[in-house]
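Q: I am in my first year and would like a close look at one part of this protein, the place where two helices pack against each other. Please set that part in the frame of the whole chain, and explain each term as it comes up.

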Amino acid sequence: MARVLVGVKRVIDYAVKIRVKPDKTGVVTDGVKHSMNPFDEIAVEEAVRMKEKKIASEIIAVSCGPAQAQETLRTALAMGVDKAIHVEIAGPEYETLQPIHVSKILAKLAKDEKVDMVIVGKQAIDDDSNQTAQMTAAFLDWPQATFASEIQKGDKDITVKREVDGGMETVKCKLPAVISADLRLNEPRYATLPNIMKAKKKPLKKMTPKDLGVDTAARIEVVSVEDPPVRQAGVILPDVDTLVGKLKEAGFAK
């Protein structure tokens, strides 16, 4: 049976209205509800289903971030993950953390834990980078199957159906491999109260990037974060002639 490593990220909850800081250095996070990245929830659910089907023997969840990231890991443990690893990164170092840093951390842990499969969400809803799975596969030199909407495991390989612009594509990868979960892969379960209580007793290991030999020095500088321009209100016109006249006035028609 396979050992599975799942990456989970703590993000601002999808239902929260994002507010930009007055100094335009980022978005307001203090006092704002956070939760597990929805695509990572799907990744966790898929790993748990693999264990229920006796395909996976152990599931390890990893999260990089401040101390509050442990709450996200406890949610994963309550969903059925066996143990968790928190790679603590806080302050300015976390604000400039990029997928390349996270990918190096996941790749190192995948080797150390001797896993057969790495599953992550296809992207995080805060930065929408969609890079972590691809770069993790590159650092490990493992096959990758991204945007998975169905996963079937064979003896020494996996078959993944993925959505592409023209329809569905089916790829087969040898194990070990890296997979990123798409929206239609599954519907994550809710953690029950008994499992939430059990999760408090499951092992959660704390580490730092330095322990893993990963340099998380900033590679970018955030110049400015701004709200999108306010959309002007629409106008209902009485007829086509008026519309044409308005377009001519605005310079869109001659």
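A: What follows begins with the whole chain, turns to the helix pair, and then visits some single residues.

The model is predicted, so local features are reported only at pLDDT of at least 70 and side-chain atom pairs only at pLDDT 80 or more, while totals for chains, interfaces and linings use all residues. Residues are numbered from 1 along each chain as its sequence is written, and side-chain values use heavy atoms, with hydrogens and water left out.

The protein has seven helices and 11 strands, where helices (H or I, at least four residues) and strands (E, at least two) are DSSP runs numbered from the N terminus. Its C-alpha trace spans about 70 × 45 × 40 Å along the principal axes. Of the 254 residues in the protein, 40% are buried; buried means under 20% relative accessible area, exposed means over 50%, and partly exposed lies in between, with a 1.4 Å probe and protein chains only. If one takes the contacts between residues at least 6 apart in sequence, 71% of them join residues at least 24 apart, a contact being heavy atoms within 4.5 Å.

Now to the helix pair. Helix α4 covers residues 99-112 and helix α5 covers residues 132-140, and the two pack at an angle of about 50° with their axes 8 Å apart. The axes are lines fitted to C-alpha atoms, for helices over the stretch in contact, and the angles run from 0 to 180 degrees between N-to-C directions. That angle makes α4 oblique to α5, because angles under 35 degrees count as roughly parallel, over 145 as roughly antiparallel, 65 to 115 as roughly perpendicular, and the rest as oblique. The crossing of α4 past α5 is right-handed, a word used when the near helix is turned clockwise from the far one by less than a right angle, whereas anticlockwise would be left-handed.

On the α4 side the contact is made by P99, I100, V102, S103, K104, L106, A107, A110 and K111, and on the α5 side by T132, M135, T136, F139 and L140. Sorted by type, the residues of this contact are nine nonpolar, three polar and two charged. In this sorting Ala, Val, Leu, Ile, Met, Phe, Trp, Tyr, Cys and Pro count as nonpolar, Asp, Glu, Lys and Arg as charged, and the others, Gly among them, as polar.

The loops beside these helices also deserve a look. E113 sits in the loop between α4 and β6, the strand of residues 117-121, and E113 counts as buried because its relative accessibility is 15%. When neighbours within four places in sequence are left aside, E113 is in contact with R3, I60, K83 and I85. N130 belongs to the loop between β6 and α5, and its phi is near 55°, a positive value in a residue other than glycine. With 25% relative accessibility, N130 counts as partly exposed.

Another residue with such a backbone is K24, in the loop between β2 (10-12) and β3 (34-36), where phi is near 60°, again positive in a residue other than glycine. K24 is partly exposed, at a relative accessible area of 40%. The peptide bond from L175 to P176 is cis, with omega near 5°, and P176 lies in the loop between β9 (167-174) and β10 (177-181). As background, most residues other than glycine have a negative phi, and most peptide bonds are trans.

Elsewhere, E150 lies in strand β7, residues 144-153, and its C-alpha atom is separated by 9.5 Å from that of E46, although the two are 104 residues apart along the chain. Apart from neighbours within four places in sequence, E150 is in contact with T159, V160, K161 and L185. P188, in the loop between β10 and α6 (193-199), touches E41, I42, E45 and M79 when residues up to four places away in sequence are not counted. From P188 to M79 the C-alpha distance is 8.7 Å, with their positions 109 residues apart in sequence.

Finally, the structure holds zero disulfides, a disulfide being a pair of cysteine sulfur atoms within 2.5 Å. C64 is buried, with a relative accessible area of 9%, and C173 also counts as buried, at 8% relative accessibility.
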